[in-house]
Amino acid sequence: AFHVTRGKIGRMPLRLDVKRVLSARSDRVKSADLHPSEPWMLVSLYSGIVHVWNYESQTIVKTFEVTDLPVRSAVFVARKNWVITGSDDMTIRVYNYNTWKKFKCSKPTRTICAVSPFIRPSPFSSPAATTC
């Protein structure tokens with residue numbers, strides 16, 4: 001963060017109050033999302049794998065392979081008990097995170113898919129990424 005004072009640019013101090021650090025070696029992380037009520041972090045990887053971490057116990061709750069290609073975005077939709085993934089094979093997959101069963105898989109088409117009202121572009125990422 002920078003600030004300007006009388007035409008000079010200076011650094012503003014950045015203060016973060018870090019309460020806990022979760023660290024693990026993995027493939028390149030493409031996205032991360034926090035569950036609003038459970039102590040879970042959803043992480044999608046370049047390898048096509050998605051991990052659900054419990055950040056309180058620092059353990060993996062669930063790991064599943066989505067595809068052989070990178071998973072660019074993965075998000076929780078808590079009100080539906082869903083995990084939605086978007087990957088480089090241009091497929092949106094929807095999983096129920098209570099059973100971890102995939103119940104919807106949609107390739108892009110000109111018609112509106114069944115999950116589209118719940119998916120919208122994120123203002124902080126590329127147009128291919130999704131958030132709910």
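This is a guided tour of a predicted model, given as a series of selections.

**Whole chain**

Begin with the whole protein chain in a cartoon view. The chain has 12 strands and zero helices, so that its elements, read from the N terminus, are β throughout: β-β-β-β-β-β-β-β-β-β-β-β. Switch to a surface view next. About 9,200 Å² of the protein chain is exposed, and 53% of that area comes from carbon and sulfur atoms. Of its 132 residues, 33% count as buried. Among contacts with a separation of 6 or more, 25% join residues that are 24 or more positions apart.

**The largest nonpolar core**

Select Leu-42, Phe-76 and Val-83. These are the residues with the most contacts inside the largest nonpolar core, which has 13 residues. Then colour strand 4, strand 5 and strand 7 (71-77), each of which supplies at least two residues of this core. Strand 7 gives the most, with three residues.

Keep Val-83 selected and show what surrounds it. Leaving out residues up to four places away in sequence, Val-83 touches Leu-42, Val-75, Phe-76, Arg-93, Val-94, Tyr-95, Tyr-97 and Trp-100. A second, separate core has five residues, including Val-75, Trp-82, Ile-84 and Val-94.

**Aromatic rings**

Show the aromatic side chains as sticks. The structure holds four aromatic pairs. One of them is Trp-40 with Tyr-97, an edge-to-face pair at 5.5 Å centre to centre with 90° between the planes. This pair links distant parts of the chain: Trp-40 is in strand 4 (residues 40-45) and Tyr-97 is in the loop between strand 9 and strand 10 (101-106), 57 residues apart. Both Trp-40 and Tyr-97 are buried. Add Phe-76 to the selection: ring pairs link Trp-40, Phe-76 and Tyr-97 into a cluster. Phe-76 was also listed above among the residues with the most contacts inside the largest nonpolar core.

For another ring, select Tyr-46 together with Arg-28. The charged end of Arg-28 sits over the ring of Tyr-46, 3.9 Å from its centre.

**The loop between strand 8 and strand 9**

Move to Thr-91, in the loop between strand 8 (82-87) and strand 9 (92-96). Is Thr-91 buried or exposed? Its relative accessible area is 2%, so Thr-91 counts as buried, the cut-off being under 20%. A polar atom of the Thr-91 side chain lies 3.3 Å from the backbone oxygen of Asp-89. Apart from neighbours within four places in sequence, Thr-91 is in contact with Thr-85, Gly-86, Cys-105, Ser-106 and Lys-107.

Select Met-90 next, in the loop between strand 8 and strand 9. Met-90 has a relative accessibility of 58% and therefore counts as exposed, the cut-off being over 50%. Check its backbone angles as well. Most residues other than glycine have a negative phi. Met-90 is not a glycine, yet its phi is positive, about 60°.

**The loop between strand 5 and strand 6**

Finish at Gln-58, in the loop between strand 5 (49-54) and strand 6 (59-65). Gln-58 is not a glycine either, and its phi is positive, about 55°. At 38% relative accessibility, Gln-58 counts as partly exposed.

Note on methods:
Residues numbered from 1 in each chain as written. Predicted model: local features only at pLDDT ≥ 70, side-chain atom pairs only at ≥ 80, totals over all residues. Heavy atoms only, no water. Helix = DSSP H or I, 4+ residues; strand = E, 2+ residues; numbered from the N terminus. Buried < 20%, exposed > 50% of the residue type's maximum accessible area, 1.4 Å probe, protein only. Polar contact = N/O pair within 3.5 Å; in protein donor to acceptor, adjacent residues only side chain to side chain. Contact = heavy atoms within 4.5 Å. Phe/Tyr/Trp six-rings, centres within 6.5 Å; stacked < 30°, edge-to-face > 60°. Lys NZ or Arg CZ within 6 Å of the ring centre and 35° of its normal. Core = buried A, V, L, I, M, F, W, Y, C linked by side-chain atoms within 4.5 Å. Areas by Shrake-Rupley, 256 points an atom, 1.4 Å probe, with all protein chains shown as cover.
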